[in-house]
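Please look at the structure shown here before reading on. The report that follows goes through one strand with its neighbours and then turns to the place where two chains meet.

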Number of protein chains: 2
Amino acid sequence: MSDTPLFERIALIGIGLIGSSLARAIRRDGLVRQVAVCAKSERTRARVVELGLADSVSADPASAVSGADLVVLCTPLGTYKEIAQRMAQALKPGAIVSDVGSTKQSALRDIGPFLPLGTHLVPAHPVAGTEHSGPDAGFAELFQGRWCILTPAPGADEGAVERVAELWRRVGSKITMMDAAHHDKVLAITSHVPHLIAYTIVGTATDLEEDTKSEVIKFSAGGFRDFTRIAASDPVMWRDVFLNNREAVLEMLQRFSEDLVALQRAIRWGEGDKLESLFTRTRAIRRSIIEAKQA
Amino acid sequence: MSDTPLFERIALIGIGLIGSSLARAIRRDGLVRQVAVCAKSERTRARVVELGLADSVSADPASAVSGADLVVLCTPLGTYKEIAQRMAQALKPGAIVSDVGSTKQSALRDIGPFLPLGTHLVPAHPVAGTEHSGPDAGFAELFQGRWCILTPAPGADEGAVERVAELWRRVGSKITMMDAAHHDKVLAITSHVPHLIAYTIVGTATDLEEDTKSEVIKFSAGGFRDFTRIAASDPVMWRDVFLNNREAVLEMLQRFSEDLVALQRAIRWGEGDKLESLFTRTRAIRRSIIEAKQA
């Protein structure tokens, strides 16, 4: 690449689907001069070396972030606080700390208080993913055409925000800015509640007797399999999403339950017109998503 | 084709996604000598001619079935009774009547009583589909590797059942036999309830204020878009599914709601272990579906 790299050294804390996709895109296009990876498990660190995802690999967040001008947390949300505490003193002056987590109020809450003066927190959420996890699951094109939402706190350093935005633009993302609380509400309905529902129905189906269970798999092409794909997403990551976006998820779940009860009632009383009218409305939404190129 | 056709003349009553896929597969492989199509709307009939899906096209079920040794209803479930009444007297002696509907007790109930002695009812349900509908949406490979469930009433003519089974085998399906009531229960959980839930959440999301609505589409890659695909399925077809499988759908919905409330409670009380344990269990189900080649 003839372009000057955007950063000298990035530390990726955690190297699952998102972290390894980011590493791949960065290395493919030379967006950062050096990539340092921190991973807790020895097996993951060995795999990072084999896959050539990093210039250096470490088990310790403090040594990974040392000298980095950008640090990105790519671990489950429940680990943020401990990582922030462990790495804070090793951050270089002026370093930018970001993350890729699915809830943003918690990112501000769990990382912010530990950062030394003169470092900058710019939380980010690339809205992209698959049901696969781990360093082998990533691919450089994952973010292409997808939104990346930045949720810096009011008064955050504009230069730092812009540098993080530019990195995401260069890996193919479209950038949007949002207040963290608003982000958590929008994502509760577009992502968190859909995942919870998928997990639930797959669980409900498997709780049916052993006999029916095998039939559930056999006839999954009737709609169920789409839910199982979503319900195959990383268990720890999603546990932490629900624990860290409790209020918004519970509110959206309440709305969903009310709507479901209304449909249940329409079925019980044979009110076909109510069913058809909703089903017609939802079909139009699908068209909008196709037009917005997010299908 | 050098093989003898399986039937002399098939009458397809309705020519949407399933009917037109069946027509395409039949004509590609010469499985039936003549294909007669019945469609209510003039526009659909014109399209059938343009697409070359049939040897003859008619608006009247009675004239479509005349001379047919196999009649397959491919219309929404709510039309079965009227079609059965209108075509019954025109059926040729020994004719087999089948369908492709998603609920099978209702098929036996709505068609059976009208068939003349000496004709045979063999309800079938090819568990395959997409979110698209109409004669243009079909394709000959739709049934490849998918299950087709036959639910003849006890005492049904074995020869007739076998002839219907063979047709589905020849278009690529795997055949299984089931009691109609059991079919309706298994499909309630693997197909009907998942669709209802998808319709519901897409409705819930669009009911959020106009502002959030556009954001719902924007960030749909976070999980929501998979639900919108399912919720784009044919509204009339699905209205009729819920009206015709009320008991089983309401029972499965009840189980689902209980499980969802349990998860809701786990989120409210911060019980991460309960969440993680379910999410781990559902991931295993996905693996089974991939192994069963239904993914």
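## A strand between two partners

Val72(B) stands opposite Ser98(B) in β5(B), and on the strand pairing β1(B) with β4(B), Leu12(B) stands opposite Val72(B) in β4(B). This is a predicted model, in which local features need pLDDT of at least 70 and side-chain atom pairs count only at pLDDT 80 or more, while totals for chains, interfaces and linings use all residues. Residues are numbered from 1 along each chain as its sequence is written, and chains are lettered from A in the order in which they are written.

The two pairings of β4(B) are set out below; strands (E, at least two residues) are DSSP runs, numbered from the N terminus, as are helices (H or I, at least four), and two strands pair if DSSP finds at least two bridges between them.

| Strands | Bridges | Direction |
|---|---|---|
| β1(B) (residues 7-13) and β4(B) | 4 bridges | parallel |
| β4(B) and β5(B) (residues 96-99) | 4 bridges | parallel |

Both faces of β4(B) (residues 70-73) are covered, since Leu70(B) and Val72(B) on one side and Val71(B) and Leu73(B) on the other are all buried, that is, 20 or more other C-beta atoms, placed from the backbone, lie within 10 Å of their own.

Turning to the two chains, 77 residues of chain B are in contact with 77 residues of chain A, where contact requires C-beta atoms, placed from the backbone, to lie within 7 Å. To the side of chain B that touches chain A, α7(B) gives the most, with 18 residues.

Note on methods:
A residue is buried if 20 or more other C-beta atoms lie within 10 Å of its own, exposed if 12 or fewer, and partly exposed in between; C-beta atoms are placed from the backbone.
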